[in-house]
Amino acid sequence: MAINTQLQNRSNNVCELCSNQDENLKVYTVPPKTDDVVDNQVVLCSECFEQIETGNYGNTHHWRCLEGSIWSEVPSVQVLSYKVLSKLTSEEWARDAKEGVFLDESLIEWANAEDELEAERVIHKDSYGVLLEAGDTVVLIENLNVKGTNYIAPKGTIVRKIKLVQNNAEQVEGKINGDTIVILTKFVRKSV
Ligand SMILES: [Zn+2]
């Protein structure tokens with residue numbers, strides 16, 4: 001995405017985290033915000049951008065720059081610095097930098113929001129621990145008593161186009177013998 005004048009002026013055309021001058025400065029919108037407005041964005045060099053995008057913060061030495069950028073006057077830069085520092089859990093200086101700064105509560109919330117959303121996400125897995133997704137086909141690994149009917153779905157029954165039960169990682173829905181029923185994930189195996 002092109003860097004608009006406002007961002008150019010704010011960043012002085014250098015990376016707002018590490019001050020690298022890079023011909024390919026990029027604009028990064030700090031998640032979970034998705035609105036591409038200047039207040040949500042940070043100008044990054046390729047190195048910073050790459051590590052953040054891939055979630056691979058292996059080059060810890062590079063991130064010593066955060067000790068400075070965490071004190072930025074720009075909220076989005078502070079938030080992104082805080083987020084990256086939070087990933088560098090094995091680095092003592094990173095912990096110190098995080099603890100040493102005073103951040104507005106709303107900014108800390110912003111910085112932690114992505115991880116919290118991730119933690120809340122309900123993940124469905126079959127009896128073997130394989131990820132289940134809506135639309136998958138599964139096979140019953142045990143005979144299943146279909147509630148409210150006399151029908152017992154035998155082991156090996158194929159259930160197509162399952163739906164995931166929101167807020168319950170242990171349940172999916174599928175059609176067996178014409179009825180849509182709730183099936184426990186521990187009784188199914190994903191069919192590939
Ligand atoms: Zn950088």
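Begin by colouring the chain by its domain assignment, in which domain 1 covers residues 5-120 and domain 2 covers residues 138-190; these bounds come from an automatic or database domain assignment. With both domains selected, the distance to look for is the one between their C-alpha centres, which lie 45 Å apart.

Before going further, keep in mind that this is a predicted model, in which local features need pLDDT of at least 70, side-chain atom pairs count only at pLDDT 80 or more, and totals for chains, interfaces and linings use all residues. For your selections, residues are numbered from 1 along each chain as its sequence is written.

**The sheet 7-8-9**

Next, select strands 7, 8 and 9, which make up an open sheet of 3 strands in that order, with antiparallel pairing. At its edges are strand 7 (163-164) and strand 9 (179-184), each of which pairs on one side only. Strands here are DSSP runs of E with at least two residues, numbered from the N terminus, and two strands are said to pair if DSSP finds at least two bridges between them.

Start at the edge formed by strand 7, which pairs with strand 8 in the antiparallel sense over 2 bridges; show Leu164 here, and you will find it opposite Val172 in strand 8. The hairpin of strand 7 and strand 8 has 6 residues between the strands, and within this hairpin Asn167 takes a positive phi near 65°.

Now move along to strand 8 (residues 171-176), which runs antiparallel to strand 9 and is joined to it by 6 bridges. Two positions are worth labelling: Gln171, whose bridge partner in strand 9 is Leu184, and Gly174, which stands opposite Ile181 in strand 9. These two strands also form a hairpin, with 2 residues between them, and Asn177 in the turn has a positive phi of about 55°.

**The sheet 6-3-10**

Finally, select strands 6, 3 and 10, where 3 strands form an open sheet in the order 6-3-10 and the pairing is again antiparallel. The edge strands are strand 6 (158-159) and strand 10 (188-190), each pairing on one side only.

Which strand is joined to strand 3 (residues 138-140) by 3 bridges? The partner is strand 10, and the two run antiparallel. To see one of these contacts, display Leu140 together with Val188, its bridge partner in strand 10.

Note on methods
Helices (H or I, at least four residues) and strands (E, at least two) are DSSP runs, numbered from the N terminus.
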